[in-house]
Amino acid sequence: MAAATRPQQLRVGRLTKAHGLKGALKLELYTDDPERRFVPGAEFSLQVPADSPWHGRTLVFRELRWYNGQPVGFFEGIDDRTAAEGLVKAILWVDQPVDEEPEPDAWYDHQLIGLAVLRDGERIGEVAHVDHLPAQDLLVVTTKRGDVMVPFVAAFVPEVDVEAGTLTVTPPPGLFEELPEEPEVPAERGEAEASAADAAAGDDPAAASDETPAG
């Protein structure tokens, strides 16, 4: 009997801060459709450090509220501020329904891993891994010089073409190569230039004094 295929998971949010005294947590959303993801009964897998008491556990969502435009979530079993603070920085993942259409400009890890990385039309590496950090995602790109971590933001990754199997990067100088060191200006040269400038100022009567001679 064939093993059941594990559903793909979507990263939909991060718990940023305890809110109030009844276990609520402020949410940073990674989805364009929070009303669909954060519904009563939704079960989230947690991305937390290995030494966290929540490692390997799940959270069941109870209610989504908005305070001053900020989403706040309530979860089953999280009933006071102390419990909520133990979940701060946890990243929330949810199973993707098999028949669900993908969100615009959203890619899953399995779609990104293995893509050829292009720079100015030339292949410079391959996506080996995706690191999901609280601040942003990082693409780990394997190159001839070793692994390079590229922030997965539009400024550095303007195009992802899953069908073509490519990902285009426009990284800042020095990310994929070592920059040549700028030659240092010898101290003697600097002193000589300063002396020449002083001499030129001394030869200019207007530069020597701002006072007007008495007539």
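This is a walk through the structure, one selection at a time.

**Before you click**

You have a predicted model open, so local features are taken at pLDDT of at least 70 and side-chain atom pairs at pLDDT 80 or more, while totals for chains, interfaces and linings use all residues. Residues are numbered from 1 along each chain as its sequence is written, and side-chain values use heavy atoms, with hydrogens and water left out.

**The whole thing**

Start with everything shown as a cartoon. You should find five helices and 12 strands; both are DSSP runs numbered from the N terminus, helices being H or I over at least four residues and strands E over at least two. Of the 215 residues, 31% are buried (under 20% relative accessible area; over 50% is exposed, and partly exposed is in between, with a 1.4 Å probe and protein chains only). Switch on the surface: about 14000 Å² is exposed, and carbon and sulfur atoms supply 52% of that. Those areas come from the Shrake-Rupley method with a 1.4 Å probe, and for residues only the protein chains shown count as cover. Taking contacts (heavy atoms within 4.5 Å) between residues at least 6 apart in sequence, 51% join residues at least 24 apart.

**Stop one: the barrel**

Now select β1 to β6. These six strands make a closed barrel in the order β1-β2-β5-β4-β3-β6, with antiparallel pairing; strands pair if DSSP finds at least two bridges between them. Neighbouring strands here are turned by 50° against each other on average, direction ignored. Angles like this run from 0 to 180 degrees between N-to-C directions, with axes fitted as lines to C-alpha atoms, for helices over the stretch in contact.

Pick residues 9–19, which are β1, and add residues 91–95, which are β6: five bridges join this antiparallel pair. Click Arg11 and you'll find its bridge partner in β6 is Trp93. Stay on Arg11, as its charged end also sits over the ring of Tyr30, 4.0 Å from the centre. To count as over a ring, NZ of Lys or CZ of Arg must be within 6 Å of the ring centre and within 35 degrees of the ring normal.

On to β2, residues 24–29, joined to β1 by six bridges, again antiparallel. His19 has Ala24 in β2 as its bridge partner. Four residues separate the strands in this hairpin, and Gly20 takes a positive phi near 75° there. From β2, carry on to β5: the two pair in the antiparallel sense over two bridges, and Leu25 is partnered with Gly73.

**Stop two: the rings**

Show aromatic side chains. How many aromatic pairs does a search of the whole structure find? There are five, a pair being Phe, Tyr or Trp rings (for Trp, the six-membered ring) with centres within 6.5 Å; planes under 30 degrees apart are stacked, over 60 edge-to-face, and the rest tilted. Zoom to Phe38 and Phe44: the ring centres are 5.1 Å apart and the planes are at 35°, so this pair is tilted. Both Phe38 and Phe44 are buried. Next, Phe61 and Phe75: the centres are 5.1 Å apart but the planes are at 80°, so this one is edge-to-face. Phe61 sits in β4 (58–67) and Phe75 in β5 (70–75), 14 residues apart. Phe61 and Phe75 are buried too. Select the four together, Phe38, Phe44, Phe61 and Phe75, and you have one aromatic cluster.

Before leaving, click Arg65, which lies over the face of Phe74 at 4.5 Å from the ring centre.

**Stop three: the open sheet**

Six strands make an open sheet in the order β10-β9-β8-β7-β12-β11, with mixed pairing. The edges are β10 (146–151) and β11, each pairing on one side only. Neighbouring strands in this sheet are turned by 35° on average, direction ignored. Select 122–132 and 137–143 to get β8 and β9, an antiparallel pair with six bridges; His132 stands opposite Asp137.

**Last stop: three loop residues**

Val162 is in the loop between β11 and β12. Leaving out residues up to four places away in sequence, Val162 touches Trp107, Gln111 and Leu115. Measure C-alpha to C-alpha to Leu115: 7.4 Å in space, for 47 residues in sequence.

Lys89, in the loop between α2 and β6, has a positive phi near 85° without being a glycine. Finish on Asp120, in the loop between β7 and β8, also no glycine, with a positive phi of about 55°. Asp120 is exposed, at 75% relative accessible area.
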